[in-house]
Amino acid sequence: MLLAITKTFPPPAVQEAYDAGLRHFGENRVQEAKAKIPQLPGSIQWHLVGHLQTNKARDAVELFELIHSVDSLKVANELEKWADRASKRVPILLEVNLAGESSKFGLQPESVVEVARQLGAFRRLELRGLMTVPPYLKEAEKVRSFFRKLREVKSDTEQALGVSLPHLSMGMSHDFEVAIEEGATIVRVGTAIFGGRETVVQGMSEGADV
Ligand SMILES: *Cc1c(COP(=O)(O)O)cnc(C)c1O
């Protein structure tokens, strides 16, 4: 699935991509999504791909079809609480920090099985797979080992828990081809669809560069 990442792009740019046929869009901040979503067609499926703070869990439950960025039991607890109040099921992915980068969010790969096991006790959350944002390396080929590693962590988790996890969310504008070769089921593409973010932020009237 191609997930078009619309962070920083104004609603007309998103509308243009929608008119071209895209239906799955992703935002990385709850606040920005909350402002944008009401201005766009209701048939869009919105995903959250950026870090989720516990105080935004209530909005996240309301706004998103899939939350890619669950990275702690603390945030899972908060999602469960609000999902329960709304009588909703909330599909989630666990975000994994494969390179141990301190600048990035995500679980250490070694703790994924245990966290996934504990999620089994959550009635409202549905674990659908794993997500990662690997280090940015100019040569996309060098990122391949991280994509492969995420696939391995997913299969280890499936085996340990006897479950099937359909999704691997990995690959962005500059490395999605490699991610697809390594088994991505969702690629998250922003600039390759909409153009450079800086330009569009300055000139809000510019449309999507599809
Ligand atoms: C911005 C963002 C993307 C898309 O990045 P591009 O390089 O614009 O394709 C993908 N995933 C996450 C988590 C993002 O924040």
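# Colleague's note on the fold, the pocket and a few residues

1. Let's start with a backbone detail: Thr8 sits in the loop that runs between β1 and α1. Please keep in mind that you are looking at a predicted model. The phi angle of Thr8 is near 75 degrees, a positive value in a residue that is not glycine. For context, most residues other than glycine have a negative phi. Is Thr8 buried, partly exposed or exposed? Its relative accessibility is 28%, so Thr8 counts as partly exposed, because that class lies between the 20% limit for buried and the 50% limit for exposed.

2. Ser87 deserves a look alongside it. Ser87 is not a glycine either, yet its phi is positive, at about 50 degrees. You will find Ser87 in the loop between α4 (73-85) and β5 (90-96). With a relative accessibility of 55%, Ser87 counts as exposed, because the cut-off for that class is over 50%.

3. Now to the strands, starting at β1. Strand β1 (residues 2-5) runs parallel to strand β2 (residues 24-27), and two bridges join them. Ala4 has Phe25 in β2 as its bridge partner. Between these strands comes helix α1 (residues 11-19), and β1, α1 and β2 together form a right-handed β-α-β unit.

4. On to β2 and β3. Strand β3 (residues 45-48) is parallel to β2, with four bridges between them. If you want to check the register, Gly26 faces His47 in β3, and Glu27 is opposite Leu48 in β3. Helix α2 (residues 30-36) completes a right-handed β-α-β unit with β2 and β3.

5. Which rings pair across β2 and β3? There are two aromatic pairs in the structure. In one of them, the ring centres of Phe25 and Trp46 are 5.8 Å apart and the planes meet at 40 degrees, so this pair is tilted. Because Phe25 belongs to strand β2 and Trp46 to strand β3, the pair ties together parts that are 21 residues apart in sequence. Phe25 and Trp46 are both buried. Phe25 is thus worth a second look in your viewer: besides the ring contact, Phe25 is the bridge partner of Ala4.

6. What does β3 pair with next along the chain? Two bridges join β3 to strand β4 (residues 66-70), and these strands run parallel. His47 has Leu66 in β4 as a bridge partner. The chain gets from β3 to β4 by way of helix α3 (residues 57-63), and this β-α-β crossover is right-handed. His47 therefore links the two pairings: Gly26 stands opposite His47, and Leu66 is the bridge partner of His47 in β4.

7. Strand β6 comes next. Six of the eight residues of β6 are buried, so this strand is largely enclosed by the rest of the structure. Seven bridges connect β5 and β6, which are parallel. One position to inspect is Glu95, which stands opposite Met131 in β6. From β5 the chain passes through helix α5 (residues 112-119) to reach β6, in a right-handed β-α-β crossover.

8. β6 also pairs with strand β7 (residues 167-169), in the parallel sense and over three bridges. Here Leu130 stands opposite Leu168 in β7. The path from β6 to β7 goes through α6, and this β-α-β crossover is again a right-handed one.

9. A word on Lys138. Lys138 is placed in the loop between β6 (125-132) and α6 (144-161). Is Lys138 buried or exposed? Its relative accessible area is 76%, so Lys138 is exposed, since exposed means over 50%. The C-alpha atoms of Lys138 and His47 are separated by 26 Å, and the two residues are 91 apart along the chain.

10. Finally, the pocket. The largest pocket has a volume of about 650 Å³. Its lining comprises 28 residues, of which Lys7, Asn28, Val49, Val133 and Met172 are closest to the centre. What classes of residue make up this lining? There are ten nonpolar, ten polar and eight charged residues in the lining of the largest pocket.

Technical notes
Residues are numbered from 1 along each chain as its sequence is written. This is a predicted model: local features need pLDDT of at least 70, side-chain atom pairs count only at pLDDT 80 or more; totals for chains, interfaces and linings use all residues. Side-chain values use heavy atoms; hydrogens and water are left out. On a 1 Å grid over the protein atoms alone, a cavity is a set of points where a 1.4 Å probe fits but cannot get out, and a pocket is an open set with protein on both sides within 12 Å along at least five of seven lines; lining residues have an atom within 4 Å of a point. Grid points are joined across faces, edges and corners, and a volume is the space filled by probe spheres set on the points. Ala, Val, Leu, Ile, Met, Phe, Trp, Tyr, Cys and Pro count as nonpolar, Asp, Glu, Lys and Arg as charged, and the others, Gly among them, as polar. Two strands pair if DSSP finds at least two bridges between them. A crossover is right-handed if, with the strands pointing away from the viewer, the path from the first strand over the helix to the second runs clockwise. Buried means under 20% relative accessible area, exposed over 50%, partly exposed in between (1.4 Å probe, protein chains only). Rings of Phe, Tyr and Trp (its six-membered ring) pair if their centres lie within 6.5 Å; planes under 30 degrees apart count as stacked, over 60 as edge-to-face and the rest as tilted.
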